[in-house]
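Biologist: Can you pull up the model and talk me through the ligand site and the helix packing?

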Amino acid sequence: MNKKPNIAVVGATGLVGSTFLKVLEERDFPFENLYFMASAKSAGKKLSFRGKEYVVEELNEHSFDKPIDIALFSAGGTASEKYAPIAAAHGVTVVDNSSAWRMDKEVPLVVPEVNPDDISWNKGIIANPNCSTIQAMVALKPLDEHFKLKRVIYSTYQAVSGSGLKGINDLKEGLKGNDVKQAYPHPIAGNCLPQIDVFLENGYTKEEMKMIDETHKILGRDDIKVTATTVRVPVFESHSESINLEFEKPFEIEEVKKILAAAPGIVVIDDIENSQYPLARDASGKDEVFVGRIRRDFSVENGINLWVVADNIRKGAATNAVQIAELLIK
Ligand code: 12T
């Protein structure tokens, strides 16, 4: 792209939307014109960006009549289903943060450190993966390249910020002794809830199936065996994941540590003598994926265990989407 792009942020007033603004500002993303859009409820609100004030426009059928090159969508699945195709038909490239388009065969599902080339076959919509999947992919890709993944077991410990402001409020109130249940079917303070999103007919939650399906699509390897248990924990920000891996090929554990430390987007924190490992509170506000507790799984032939932590609203949503937009304007 020769000239600076016109950018739209759709769902600008939500938790991910406001993080889009922060990340665009921090990374000095180039643009000619910038538009903020949201549902009628939020239209008319004022937002400030790089010292300038913008009025949020109502998202409607005519929002993309004006020339827009890239639209960052985080307005929920229903809005994405309806408006992403309208934007694409107007020549906009949509980077969509909802789960609506992720498994569509016409839509690339992209983590820039992992499968940047998939952007090339987009037809106007590129999907941002699920937050829990993104951080796992950054850690798994370099290991798959070297040792060929055979099986993956995910166990997640997910922050309430994934449920937006309602989740954060439930935990805040819960810590004061008020068992508010706006975001979850049970109190989250003092609990671990083995349910994220709705249950499906097969007994898994939708979040668990997202992690399984998206892993296959992003790594381009449907043959990897994947299972997941996803759990909401009373943590405000950043998802933590215990990941058990089995490889086809043998390895030395020191080699695994070196590969992870050299991989793009990863910071290894693994100094057990000093109790140093990735922590949710340390990952919050950061863009990297933090990996630690790297150790052999002695119960199988070529297995390891990892502890992987990242800010679910930044790398798990806004930062990943902005990185995709950066690839688009390269
Ligand atoms: N928006 O941690 O987009 O509540 O698939 C999990 C998944 C939030 C969460 C998704 C999300 C969560 C998604």
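Modeller: The ligand site comes up here, then the helices. This is a predicted model, where local features need pLDDT of at least 70, side-chain atom pairs count only at pLDDT 80 or more, and totals for chains, interfaces and linings use all residues. Residues are numbered from 1 along each chain as its sequence is written, and side-chain values use heavy atoms, with hydrogens and water left out.

Biologist: Which residues surround the ligand?

Modeller: Arg102, Asn130, Cys131, Gln158, Gly162, Ser163, Glu207, Lys210, Arg232 and His239, where near means a heavy atom within 4 Å.

Biologist: What lies 3.1 Å from an oxygen atom of the ligand?

Modeller: A backbone N or O atom of Gly162. On the side-chain part, an N or O atom of Lys210 is 2.7 Å from a ligand oxygen, and a polar atom of His239 is 3.2 Å from one. A polar contact is a pair of N or O atoms within 3.5 Å.

Biologist: Switching to helices. At what angle do H3 and H8 pack?

Modeller: About 85°, with the axes of H3 (residues 131-147) and H8 8 Å apart. H3 and H8 are therefore roughly perpendicular, a label for angles of 65 to 115 degrees.

Biologist: Which residues make the contact?

Modeller: Cys131, Ile134 and Val138 of H3 meet Lys315, Gly316, Ala317 and Asn320 of H8; contact means heavy atoms within 4.5 Å.

Biologist: And how do H1 and H8 cross?

Modeller: At roughly 50°, the axes of H1 (residues 15-26) and H8 (residues 314-328) coming within 9 Å. The crossing of H1 and H8 is right-handed.

How values were computed: Axes fitted to C-alpha atoms, helices over the stretch in contact; angles between N-to-C directions. Helix = DSSP H or I, 4+ residues; strand = E, 2+ residues; numbered from the N terminus. Left-handed = near helix turned anticlockwise from the far one by under 90°. Polar contact = N/O pair within 3.5 Å; in protein donor to acceptor, adjacent residues only side chain to side chain. Parallel < 35°, antiparallel > 145°, perpendicular 65-115°, else oblique.
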